[in-house]
Amino acid sequence: MRRQEDNPFLTTKEVAELLHVNEKMVYSLVNDKGLPASKVTGKWLFPRRLVAEWLEVNVTNYRPATVSVDDLILLVAGSDDPLFQQTLALFQRRYPRRIAFFANLGSMGGVSSLRRGLCHIGVCHLLQDENEEYNFDFASQELEQAPVFVNFSKREQGLLVAKGNPKGIEGIEDLARKGISIVNRPQGTGTRVLLDHELSIRRISSQKIDGYSREVSRHLDGGLEVLAGRVDAAPGIRAIAGMLDLDFVPLRWERFDLIISKERFFERGIQDFIGLLHEETFRQLADSFVGYDVSLCGKMLFPDNLK
């Protein structure tokens, strides 16, 4: 039997009990304080993890730590991506005296780390409620000051399935079929946010999906589970299907961005990394993968300049 705390969403009543306020106050917090919520078929749902993140953001007596300003160190936290990992390796080879560290914390973990001053760059791909834009609203909720957004790539999200697609999986609805099993990504990752969004708009309960609660930390790990035949599908990006010779059921293209605080943006290490994105060596690296579009790569983004 599924435990209540395993449900990724809270009801209005549950949020009120958590915050020790009445339900009317919960609606006021949504409107006035940015409490994360989604309205589905007339009912408010609150992502459990985002509510916890919102509580952290609104702690008034918390003094964030700050990483030391050192041109020889580049600290990055956030979403898992094979092209980004290869780009960090390219950066390390280009600047051998520097050290680049990456923490695979998921998209929300990257934004949270940036807020706490624990990294120079947060990497994320978080789908917003209107089902079109990415990252801007999440950063606005998490960060006290608007950061700089620099695009890294667009990439294709979907479902990784075995070669030949023997179970005939054609879309999200098929994940709820009897005999279909999956492995999932952790809460806080952009891929999990997308999967939960696709399930919610189709009114599919996660309890109907075999393997919804089984999690792996990387896209590659999900692909390997499919390749080994331990599961039938895994949410992931097309690049992994290309690497492992799997089939792929496409869902949508998403924007994968770098988020940088304004006060750090012109630090040498950050500027050198962004500069690398404009070089032919990086473009050739991107061309060696499938499922990426780097036409916006290295460009600064604003909520009103993408239309």
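Which residue follows α5, and is its phi positive or negative? Keep that in mind as you look through these close-ups of a predicted model; the helix view comes back to it.

**Figure 1. The whole chain, before we zoom in.** This predicted model has 11 helices and 11 strands in the chain. Along the principal axes, the C-alpha atoms fill a box of roughly 55 × 55 × 35 Å. For 307 residues, a compact globule would have a radius of gyration near 19 Å, and the chain's 20 Å agrees with that. Of those 307 residues, 51% count as buried. Take the contacts between residues at least 6 apart in sequence: 74% of them join residues at least 24 apart.

**Figure 2. Helix α5, tucked away from end to end.** Here you're looking at residues 106-115, and 10 of the 10 are buried, so the helix is largely enclosed by the rest of the structure. The buried residues of α5 include three glycines, Gly-106, Gly-109 and Gly-110, and three serines, Ser-107, Ser-112 and Ser-113. Met-108, Val-111, Leu-114 and Arg-115 are on the buried list too. Now back to the opening question: α5 is followed by Gly-117, and the phi of Gly-117 is positive, near 75 degrees.

**Figure 3. A little open sheet of three strands.** The strand order is β1-β3-β2, and the pairing is antiparallel. Residues 9-10 (β1) and 38-40 (β2) are the edge strands, each pairing on one side only. Look at where β2 meets β3 (residues 43-47): three bridges join these antiparallel strands. To pick out one pair, find Lys-39, whose bridge partner in β3 is Trp-44.

**Figure 4. Strands β4 and β5, side by side.** Unlike the pairing in the last view, which is antiparallel, β4 and β5 run parallel. Six bridges join β4 to β5, the strand made of residues 99-104. One pair to look for is Gly-78 with its bridge partner in β5, Asn-104. In β4 (residues 73-78), five of the six residues are buried, so the strand is largely enclosed by the rest of the structure.

**Figure 5. Strand β8, covered on both faces.** In a regular strand, side chains take turns between the two faces of the sheet. You can follow both sides of β8 here: Ala-233, Pro-235 and Ile-237 sit on one side, Ala-234 and Gly-236 on the other, and all are buried. That makes five of the five residues in 233-237, so β8 is largely enclosed by the rest of the structure. β7, a strand covering residues 148-161, runs antiparallel to β8, and five bridges join the two. Spot Gly-158, which stands opposite Gly-236.

**Figure 6. The largest pocket and its lining.** This pocket holds about 710 Å³ of space. Of the 30 residues that line the pocket, the closest to its centre are Ala-37, Ser-38, Pro-47, Leu-50 and Asp-129. Several elements chip in at least two lining residues each: β2, β3, α3, α6 and α7. The largest share, six residues, comes from α7. By class, the lining has 15 nonpolar, eight polar and seven charged residues.

**Figure 7. The largest cavity, a closed-off space.** The model has three cavities of 30 Å³ or more, and about 60 Å³ of space lies in the largest. Which residues line the largest cavity? They are Gly-34, Pro-36, Leu-50, Glu-53, Trp-54, Met-108, Phe-138, Gln-141 and Glu-142. α3 (48-57) and α6 (136-142) are the elements that give two or more residues to this lining. Sorted by class, there are five nonpolar, two polar and two charged residues. You've already met two of the names: Leu-50 is among the residues closest to the centre of the largest pocket, and Met-108 is one of the buried residues of α5.

**Figure 8. Asp-174, up close in its loop.** You'll find Asp-174 in the loop between β7 and α7. Is Asp-174 buried or exposed? With a relative accessible area of 16%, Asp-174 is buried, because the cut-off is under 20%. Leaving out residues up to four places away in sequence, Asp-174 touches Gly-168, Ile-169 and Ile-180. For a sense of distance, the C-alpha atoms of Asp-174 and Gly-222 are separated by 18 Å, and these residues are 48 apart along the chain.

Key:
Residues are numbered from 1 along each chain as its sequence is written. This is a predicted model: local features need pLDDT of at least 70, side-chain atom pairs count only at pLDDT 80 or more; totals for chains, interfaces and linings use all residues. Side-chain values use heavy atoms; hydrogens and water are left out. Two strands pair if DSSP finds at least two bridges between them. Helices (H or I, at least four residues) and strands (E, at least two) are DSSP runs, numbered from the N terminus. On a 1 Å grid over the protein atoms alone, a cavity is a set of points where a 1.4 Å probe fits but cannot get out, and a pocket is an open set with protein on both sides within 12 Å along at least five of seven lines; lining residues have an atom within 4 Å of a point. Grid points are joined across faces, edges and corners, and a volume is the space filled by probe spheres set on the points. Ala, Val, Leu, Ile, Met, Phe, Trp, Tyr, Cys and Pro count as nonpolar, Asp, Glu, Lys and Arg as charged, and the others, Gly among them, as polar. Buried means under 20% relative accessible area, exposed over 50%, partly exposed in between (1.4 Å probe, protein chains only). The radius of gyration is taken over C-alpha atoms; the globule rule is 2.2 Å times the number of residues to the power 0.38. Contact means heavy atoms within 4.5 Å.
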